[in-house]
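Me: I am new to this structure and would like to know what stands behind the terms used for it. Could you take me through them?

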Amino acid sequence: ARSTWKGVPFGKSACDWQIYATLIEELQPCTIIDIGSWAGGSALFFADFAEMLAGSCFHKVISLDITLKSVRAVAREHPKIEFHECSTEHFKELFTRDFSSDLPHPWLISEDAHYHFDKVMPVLHSLMKPGDYMICEDTSVQMQDWFESNNQEADPGEREHTREAIEQLRQKTQVLREYCNRQ
């Protein structure tokens, strides 16, 4: 989806906007964790909507990505957004018990980074509490199959990069299945 919030790009469709707005209004999250900052549009959207719909209970957005080079100034300057340059491969080094204890619950977690989900999920699973809510984006097997069958990148390196990204999404879907099927 090619959409913007306050002029900052973020990969959410109009349907996504509505779902997230509804979740923010119903959940009343104190902390929103945005995994996959990109340009900062999602973090900005989350902060603005949480201030509007959750009011004084809203504390802040924690947003992270492997690089913050693309994060726009308007997002960086928002007083309720805290950006962290952190690979999801090293997620546990940021989300320590000490760091997490300063993030009031309930949490709304948006996982949209796609890489190293097998490292992210155990950490979140150990830190989440009843009432927290997690959204894992791009886990549709049909979507993954479509991307794989339509991977027509001209450059062999780009084609391989796309194939690896699809494999990461498939692994994310499998990790979610395993956690959802636990008794």
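The questions and answers below deal with the sheet, the helices across it and the nonpolar cores.

Reply: This is a predicted model, in which local features need pLDDT of at least 70 and side-chain atom pairs count only at pLDDT 80 or more, whereas totals for chains, interfaces and linings use all residues. Residues are numbered from 1 along each chain as its sequence is written, and side-chain values use heavy atoms, with hydrogens and water left out.

Me: How do you know that strand 6 pairs with strand 7?

Reply: Two strands pair if DSSP finds at least two bridges between them; strand 6 (residues 107-111) is joined to strand 7 by four bridges, so the definition is met. Ile109 stands opposite Met134 in strand 7.

Me: What makes strand 5 and strand 7 edges of the sheet?

Reply: The open sheet has five strands in the order 5-4-3-6-7, with parallel pairing. Strand 5 and strand 7 (133-136) each have a single partner strand, so one side of each has no neighbour in the sheet.

Me: What is the largest nonpolar core?

Reply: A nonpolar core is a set of buried (under 20% relative accessible area, 1.4 Å probe, protein chains only) Ala, Val, Leu, Ile, Met, Phe, Trp, Tyr and Cys residues joined through side-chain atoms within 4.5 Å. The largest one has 27 residues, of which Ile32, Val61 and Leu108 touch the most other members, and helix 2 gives the most to this core, with seven residues. Apart from it lies another core of 24 residues, including Phe95 and Trp107.

Terms used
Buried means under 20% relative accessible area, exposed over 50%, partly exposed in between (1.4 Å probe, protein chains only). Helices (H or I, at least four residues) and strands (E, at least two) are DSSP runs, numbered from the N terminus.
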